[in-house]
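Okay everyone, thanks for coming. I'd like to walk you through a structure that is probably new to most of you, so let's put it up on the screen.

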Amino acid sequence: MGFRFRVRPEGAARSNSLLPRRASIYPHRSVRFIALTRRRGVLAMVAALILCLIIGFNSFDLFQLHARIAAFFLNAAHIPVSGWQYVEIFPGLGPSLAAETSVPLFRDLPPLASAVFIILFVVLLVVAQRVALTRNFALFLAFLLICSAVSMVLDPNFRFSSSEFTQIWLRNEICIWMLLPWVSVTLFVMLQQSFAKGLGWMLLLETYAIFSSALRMAFSHAVMHYTGMLFFPLLWFAIGLLSNLLYVLLFYSISVHRTSLKAWGSRA
Amino acid sequence: MVLLIIISKLCLYAAILFLALYAIRHYIFAYSRFSLARPRDTMDIVGFVMPRITVLVPMHNEERVAADILQALIACDYEWEKLQIIAINDRSRDRTGAIIDEFADAYPMIQSFHRTEGPGGKPAALLAASEMATGEIVLLFDADYYPGRAMLKMLVAPFADPKVGAVMGRVVPHNVGGSLLAGLLSLERAAGYQDGQQARYNLGLTAQFGGTVGGVRRTALMAVGGWNTDSLTEDTDLTCRLLERGWEVAYVNRAECYEEVPVAWPVRRNQLQRWVIGHNGCLHRYAGRLCRSRLLTRWQKIDAVFMLACYWTAPVLVLGWLASLVLYFAHTPDSWGFVALLMFLGYQLFANQATFVELGVAAMLDGSSRRILLLPLNLLNFFSSTVAICNALWQFYLRRITGDGNQEWRKTGRTRDEADAGQSPFLGGGRGGDR
């Protein structure tokens, strides 16, 4: 083991061009084309308000569309739907059609459900043990599983029907859909080089939110059809809340990536 | 059940309010960086202000990195006659002392200072070495840093303004490819400096002296009582005392210095723990004093309190999560109405996104276009940090309650390979900004 350093010869020029410097250290031409003006801010807010109102006034139609997409995925997954019924979401925000699928009670669960539960629990513990960065996250998911199992044992008759689950799900989602335009103002419209592009991202995010919500809800229905309420808290958190945060971040990172490429060109 | 719902509601609304204020602050900082107004900087006078300076480099078991930092400081284009470098060997048990001595023998401006007794930790080492300092300005670098060639001139320039008591440069991680964590931390660092520090400086708020890649005016240091050896974050402590006495802390974004960020979570957790405990100690010591200071503006006082209480966002966030979990599963129409749900989800989206907006803006300013794609994975870091911060705060208050005030200084572990010891990873050609 040793160390190396160079002693500068007497009289040698004091320079070291090899010392660390980044190729570029400060934006000069890069981001000044983003016109972060008051006018753009006001226009963005107006756009968000209009989209929010459109969603609010057309919530019934959106719920119908959502139900249709969910039905498509349920059919594709061969989940038997015994019927459809209207569930109230919020007063003034139209009822929605909810698929009726069977949700077994804890005592009726097939052994496979318990096996999946145990395997998932073990996998989470292994991940927590092996990957330090994910430890707390994996343990939290495992904690949710344990909470679920304990509540099942304490109250074996506890369950939400599929229509009740749809109601809980859509209450969350309609709020998300109405908030997303405002989130888009801060994440996209204000930070894109062109206002139109920002609006494009806003609409894209909204469309994706509705589509992915139907897919995630159908997936949750399918899981509940086979495993009852065993994974309910996990579905609510991971497939619901966290997924929403995750896709917003994903869209944001892609938009920043593209804007940055545009701004910095070949240097990026 | 009713009582639980009422308590949960109160907790959730309090959390929403608290975090919304922080979110607003983050949004202001992020957007202000896109303002067309020219950022405050002193680049125009770099090289015209060349007082005598002392550079302190505290080292404790730093044989892997000691030669790099000293070599880099020697290569800086600052007049050698006005430069004093004090390399502090703080009770090292490895070859750090020998490396320092070898440099001190070769270069007249380097003085070795071997510390063999007294309390441990960086503040104590700085306090002892400061007595040897002869420069008007005292600059500091941690041993794992790589100052660029013009670094010293850039850091000294803001001291032309007599109001400036301390200056902070920008820290840029060089080992971003070391691990996923290192990549995520580099995004955080960029947000903290490119966005947070510069925005606070531009807006005339309270930029923070970070204890490395920065400097302090020696007269100001003496006027506020020197380094506080009782604090785990002597830099935040000094910032507060300077602000309280009316000194300004300047920030130089172009003074980029390269550092190692932790590549393993246990190392990061220890670092975070030290910061949280030290920072929170400063909150208790200085929040009231700063608020009462007549030398700060109203906004500076507010920003200073926000800065000191920043780690409190983690437990408040957890409180909000727990409260919302209770309210969600209580599932009664009156307990979880449309407005309440909208507020909860709004706070989840807007408050959490605020920090991510800062990350994105900093990446955009830096041109880190590929690295920003890691952003969704930062949720893992966010989650782990939240738990680590809560744990550190718990330890802090437990120690206060039990009267065990002694906090142990734990050095952040280095990850530089032994094969690379004594050689900058940049030698042989620098790379672009998006490593």
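Let me start with a small puzzle: which residue stands opposite B:Val216 in S7(B)? It's B:Val138. Before we go on, keep in mind that this is a predicted model.

So, where are we here? S7 is a strand of chain B covering residues 214-217. On one side it has strand S4, residues 137-140 of chain B, and those two pair in the antiparallel sense over four bridges. S7(B) has another partner too: strand S6 of chain B, residues 164-173, also runs antiparallel to S7(B), and three bridges join them. In that pairing, B:Met168 is the residue standing opposite B:Gly214.

Now look at which way things point. In a regular strand, side chains alternate between the two faces of the sheet. And in S7 of chain B, B:Gly214 and B:Val216 point one way, while B:Gly215 and B:Arg217 point the other way. Buried or exposed, those four? They're all buried, B:Arg217 included.

Staying with buried residues, let's move to the core. As a rule, in soluble globular proteins nonpolar side chains tend to be buried together. The largest nonpolar core here has 195 residues, and the ones touching the most other members are B:Val57, B:Ile69 and B:Ala87. Take B:Ile69: if you leave aside its neighbours within four places in sequence, it's in contact with B:Val57, B:Phe141, B:Ala143 and B:Tyr145.

Zooming out, chain B is divided into two domains. Domain 1 is made of 2-31 plus 311-402, and domain 2 is 38-306. Their C-alpha centres lie 30 Å apart. Where they meet, 27 residues of domain 1 of chain B are in contact with 24 residues of domain 2 of chain B. Which helix gives the largest share of the domain 1 side? That's H13(B), with 10 residues. Helices H1, H12 and H13 of chain B each supply at least two residues there. By type, that side of domain 1 divides into 17 nonpolar, six polar and four charged residues.

Last, a quick word on chain A. It has seven helices and two strands, and from the N terminus the order goes α-α-β-β-α-α-α-α-α. Of its 268 residues, 38% are buried. And if you take contacts in chain A between residues at least 6 apart in sequence, 74% join residues at least 24 apart.

That's my tour. Happy to scroll back to anything.

How values were computed:
Residues numbered from 1 in each chain as written. Chains lettered and ligands numbered in written order. Predicted model: local features only at pLDDT ≥ 70, side-chain atom pairs only at ≥ 80, totals over all residues. Buried ≥ 20, exposed ≤ 12 C-beta atoms within 10 Å, placed from the backbone. Pairing = 2+ DSSP bridges. Contact = placed C-beta atoms within 7 Å. Domains from an automatic or database assignment. Nonpolar A, V, L, I, M, F, W, Y, C, P; charged D, E, K, R; others polar. Core = buried A, V, L, I, M, F, W, Y, C linked by C-beta atoms within 7 Å.
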